[in-house]
Structures are given as C-alpha cells and as structure tokens.
Amino acid sequence: MTIAFLNLDLQTIADGIALGAIYALMAVGIGLVFGVLRLVNFAYGQLVMAGAFALALASQWGWPLWGGILFCFAVVIALSIAMEHLVFRPLRGHSPAVMLVATFAVAFLLQNIALLWFGSLGKIATSLAFLNRVWTIFGADVHKIAVVAVVVAAVCLGLVQFLLQRTEIGLHMRAASMDFATSRMLGVRANRVVSFAVLVSGVLAAVVAVMLTVQTPLVTPDFALRDTIVVLAGVVVGGLNRPIPATLGGFLIGFTTGLLGGVLPTNQSQYLPTFVFAAVILVLLVRPRGLFDLSKTVERV
Amino acid sequence: MSLELDNLHVRYGGVHAVRGLSLTVAPGEIVGLIGPNGAGKSSTLHAIMGLAPATGSVRVGARELLGRRPEDVARSGVALVPEGRRIFAELTVEENLRLGFAGRRAAGAASLDRVHELFPVVREYRSRPAGALSGGQQQQLAIARALVAEPDVLLLDEPSLGLAPSVVDVVFDALQAIRGQGLAVLLVEQRAQRTVAIADRSHVLANGELQLTLGPDEAGDTERLVAAYLS
C-alpha cells in the first residue's frame with residue numbers, strides 16, 4: 001500500500017506514529033517538571049542517555065532482558081532524584097533563566113561524564129534488537145517496535161492522566177502548577193509534590209530510553225540530545241504548562257519528524273532538522289501561545 | 001486553641017510594615033483588624049502564615065509558628081482565606097475543597113457536611129469549574145476550603161471586598177456561625193463599622209502600629225475611628 005506521489009507507505013506512517021508516541025512521553029516528562037518548578041529541564045535527554053547506557057552495559061555483561069530494563073529504570077530514577085536534590089531544590093524560586101542555565105550545566109556535565117567513561121564511540125544495546133523485526137499487517141510490513149511503542153506510550157500516558165486526575169497527589173500537582181504559593185498556604189507540601197513530579201518524569205525517561213535503544217542501538221554520549229531539542233520545540237508548539245497540549249505537541253513533532261525522515265531522499269536527510277524547526281517557527285508566528293491553547297486571550301476584569 | 005502575637009515586626013527590605021504588634025484571639029472570638037490601606041493588616045496575616053519575613057512571636061497554643069514554612073503553618077491548624085480569594089478557577093468546586101484537606105491534621109470526612117450546611121452553594125455547584133462561580137460564591141468557596149482543614153485559627157483577608165451587599169451579609173453571618181463553632185477568628189477588613197459591630201474587639205492599625213482598640217458597642221463612634229485612621 002503506497003501513496004505514490006509522496007513515497008509514503010504504511011511502514012513509514014507507522015514509524016512516524018511510533019516516534020510521535022515516544023516524543024509524547026518525553027514531552028509529558030518535561031511538562032510535569034515544568035508545571036511544578038517552572039523549570040525547562042534541558043538535561044532530560046541526558047537522563048534518557050544514562051538509561052540507554054545502562055541497557056547497553058547490561059547487554060554487554062550478558063544480563064537477561066528484564067535485568068537490563070530494571071537496571072535502566074534504577075539508574076534513571078536515581079539520577080532524577082539526585083538532580084532534584086542537588087540542583088533543582090537549592091535553586092527553587094530563582095529566576096527561570098538561572099534554572100535553565102543550571103540544567104544546561106547539568107546536561108553538559110552528564111554528557112561529558114559519559115564521554116569520559118564510555119568514549120565517543122559508544123556502546124551497543126542489543127537485548128531488544130528482536131523488536132526491529134517486522135510484523136505483516138494487511139500486507140504491509142510494520143516494525144514490532146512501532147506497535148510496542150504506541151501501546152507502551154498509551155498505557156503510560158493513561159497512567160499519568162489517572163494519577164493527575166484521580167489521586168490526591170495528582171490534585172496537589174495540578175494545583176501547584178496553577179498557583180504554587182496558594183497551594184502551599186493550604187498545606188500542600190512543596191517538597192513532596194516536586195519530588196513526585198521529578199520521579200514520574202524520571203520513570204517516563206527510563207521508558208523512553210528503552211524504546212529509543214531499539215531504534216538506535218548504538219548508544220553514544222549525545223544519545224537523545226537531538227530528540228530532546230526537537231521535543232522541546234514540540235512542547236512549545238503544543239503549550240508547555242498543560243499535560244494534554246504538551247503531549248499533542250510532542251506527538252505531532254515526532255510524527256512529522258518520522259514522516260519527513262521517511263519521505264526525504266537519503267541524500268537530503270541531513271536537512272531534516274531544518275524542515276522541522278522551520279515548521280516550529282511558522283507555527284509560533286501564527287499561534288504564539290501554542291497550537292492547542294484554546295483559551296481566549298481576553299482577560300477577565 | 002488561641003492565637004497570640006507578641007511584638008510582631010514585619011520588614012520588606014527597607015519598609016517596616018508592622019511595628020511591634022501584640023494581640024490575642026481566644027477560641028470562640030472574632031478579633032477585627034482594621035485600618036487604612038498600607039497599615040500592615042495583610043502583612044500581619046502573611047507573617048502568621050509564614051509568607052512574610054517577620055520577627056517576634058506567633059503562637060497557637062504553646063506552638064511557635066514563626067520561621068515555619070507555609071505548608072507547616074497550615075498543618076498546625078491555621079487557615080487563611082486570602083485576599084482576592086485565590087481559588088483554582090480551572091479546578092472544580094469539589095477539587096478546590098479537596099485541596100483544603102491538605103491542611104488537615106487528622107483524616108476524616110466529617111468537616112465536609114458542616115461546610116455544606118454553612119454554604120449550600122458549595123454543594124450545589126460541586127462539579128462546576130470554580131471559575132464559573134460568581135464572586136460571592138467564590139468567596140464562600142474560599143472560606144469553605146479553609147474550614148474543611150478543621151483549623152483552630154481562621155484568618156480572613158478582606159473577605160467582603162468587591163461583594164454585593166447581600167453577599168456581604170452571607171459572609172458575615174457565616175463568620176458568626178464559625179465563631180459559634182469555637183474557632184479563633186482574625187478578621188482583616190475595610191468595612192470598619194461592620195467589623196467593629198461583629199467582632200469581640202477590633203484593633204485599628206495605622207503605619208504598622210496599633211492605634212486604638214474598640215468594642216462592639218463603639219461601632220457608632222465614628223469620631224474616634226476616623227481619628228485613628230488619620231493618625
């Protein structure tokens with residue numbers, strides 16, 4: 001099945017949807033922390049990178065698949081908690097610029113630690129390679145990872161939504177992202193809410209690490225760096241401070257990237273980021289508050 | 001438990017907003033804090049809640065509150081109904097109330113019934129977004145949200161601001177009922193006469209200092225009131 005003039009086939013579309021799903025998870029991970037801390041965590045990609053190295057090491061040591069995934073989660077969650085305690089918490093309440101620069105510093109620090117420990121050639125994570133095989137659906141070949149990524153992302157997003165809408169800590173997180181000062185005045189514990197947001201964000205980063213290593217088994221210190229930049233652009237396009245618009249923005253930019261990657265001739269794929277960021281600029285020119293912000297700009301008196 | 005302020009000072013940089021204020025609010029009492037704009041009334045409430053830099057002493061029972069974080073003050077049995085209500089417009093009325101539980105010291109759902117009895121609109125509109133309520137309904141929600149935490153001390157910052165006269169009556173009637181439940185109520189208000197009439201004592205604050213204390217029978221004594229405002 002081929003849409004001939006665009007050179008699109010079902011496999012390309014499925015891969016685009018899968019990348020969109022993974023980027024949506026990253027967008028939610030970044031958006032949750034932004035909600036409670038007003039901090040854009042530029043080091044999010046390095047959390048994913050650390051998880052990917054954990055997977056690669058586990059497969060190098062011959063660990064079973066589940067052991068590697070557990071190790072990946074442990075490393076990413078531990079690193080998230082450390083980041084929160086050592087960097088975010090002391091800087092809470094500082095200007096957004098200070099916090100953004102601090103996350104840049106953390107990002108470069110982690111990237112260079114990875115460079116020192118593992119070298120620039122990186123390591124290969126092979127334990128999940130079987131997901132790169134194809135299933136034949138309606139006569140079209142679809143990578144297994146595309147299906148798995150969509151299912152896993154849907155489950156994760158459903159869980160996050162349940163957490164935010166149906167639990168006490170979720171209500172506290174939503175309130176804190178709307179008005180932190182008033183929430184605290186009512187007795188909402190700031191440290192607990194922030195720690196929880198960072199924890200959930202870390203779990204999502206670990207899930208993303210597992211998914212991305214299937215598509216890109218070669219793990220280098222700049223692993224997930226470009227993805228993070230693209231996702232940040234997507235989150236901005238969607239709207240940063242609400243989970244659902246952020247999800248949609250992340251998905252949309254992932255889908256677009258995946259699709260363009262499939263459509264562009266191989267010798268032009270280096271221009272892919274150019275196309276993506278041109279689209280982002282265009283969207284922001286037309287809708288500065290994000291694509292999915294439906295609220296009226298008129299303020300109530 | 002009673003609220004006791006002793007020699008409270010609040011300084012914002014070079015501005016000395018509250019200068020040595022001492023007062024006591026016993027359980028089952030309403031104490032009014034009135035005075036012109038900038039007198040230090042709101043600063044006093046913020047200092048109690050841990051939202052403003054302060055020295056001196058703020059005690060609830062035997063417990064010193066100064067230097068604690070706002071969430072810890074709330075969990076010590078002090079609830080503030082802030083100026084401008086500060087309800088969460090995008091959350092439902094019920095979710096706003098559930099946020100009030102964050103300040104509760106012991107689990108239990110009994111407090112909801114009492115609040116619903118006091119403010120029937122809060123039950124009636126529980127599944128609406130709080131932002132869709134009228135100003136008066138939002139004020140009732142803000143008071144209800146403070147009460148579900150079952151505090152010993154209730155602080156109110158200009159609860160009648162911007163409300164229609166009939167709604168002001170609802171708010172002041174509710175304050176009477178709340179006093180009847182044995183809470184210590186500290187009421188900051190611009191409606192001076194109305195406050196003096198309802199409160200057990202009213203302190204007039206100007207330039208951060210206590211100028212005058214009036215009893216409920218002195219609500220008609222506008223001369224002394226005006227003099228204290230202008231001092």
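Colleague: What covers the buried residues of helix 4 of chain A?

Modeller: This is a predicted model, in which local features need pLDDT of at least 70 and side-chain atom pairs count only at pLDDT 80 or more, while totals for chains, interfaces and linings use all residues. Residues are numbered from 1 along each chain as its sequence is written, and chains are lettered from A and ligands numbered from 1 in the order in which they are written. Among the residues of helix 4 that are buried are A:Met99, A:Val106 and A:Gln111 (20 or more other C-beta atoms within 10 Å of a residue's own, against 12 or fewer for exposed and partly exposed in between, with C-beta atoms placed from the backbone). Counting helices as DSSP runs of H or I of at least four residues and strands as runs of E of at least two, numbered from the N terminus, the cover includes helix 2 (44-60) and helix 3 (65-91) of chain A.

Colleague: How far apart are the end C-alpha atoms of helix 4 of chain A?

Modeller: The helix runs over residues 96-118, which makes 23 residues, and the expected span is 1.5 Å times one less than the number of residues. Just after this helix, A:Gly119 takes a positive phi of about 75°. The expected span is therefore 33 Å, and the end C-alpha atoms agree with it, being apart by 33 Å.

Colleague: Is A:Leu19 buried or exposed?

Modeller: A:Leu19 is found in helix 1 (residues 10-37) of chain A. Leaving aside neighbours within four places in sequence, A:Leu19 is in contact (C-beta atoms, placed from the backbone, within 7 Å) with A:Gly254, A:Phe255, A:Thr257 and A:Gly258. Because 27 other C-beta atoms lie within 10 Å, A:Leu19 counts as buried.

Colleague: What is the radius of gyration of chain A?

Modeller: Chain A has 11 helices and 6 strands. Taken over C-alpha atoms, with the globule rule set at 2.2 Å times the number of residues to the power 0.38, the radius is close to the 19 Å that the rule gives for 301 residues, so the chain is as compact as a globular protein of that length, at 19 Å.

Colleague: Which helix of chain A gives the most to the side that touches chain B?

Modeller: At this interface, 15 residues of chain A are in contact with 19 residues of chain B. The elements giving two or more residues to the chain A side are helix 6 (168-178) and helix 7 (180-185). With 5 residues, the one that gives the most is helix 6.

Conventions
Two residues are in contact if their C-beta atoms, placed from the backbone, lie within 7 Å.
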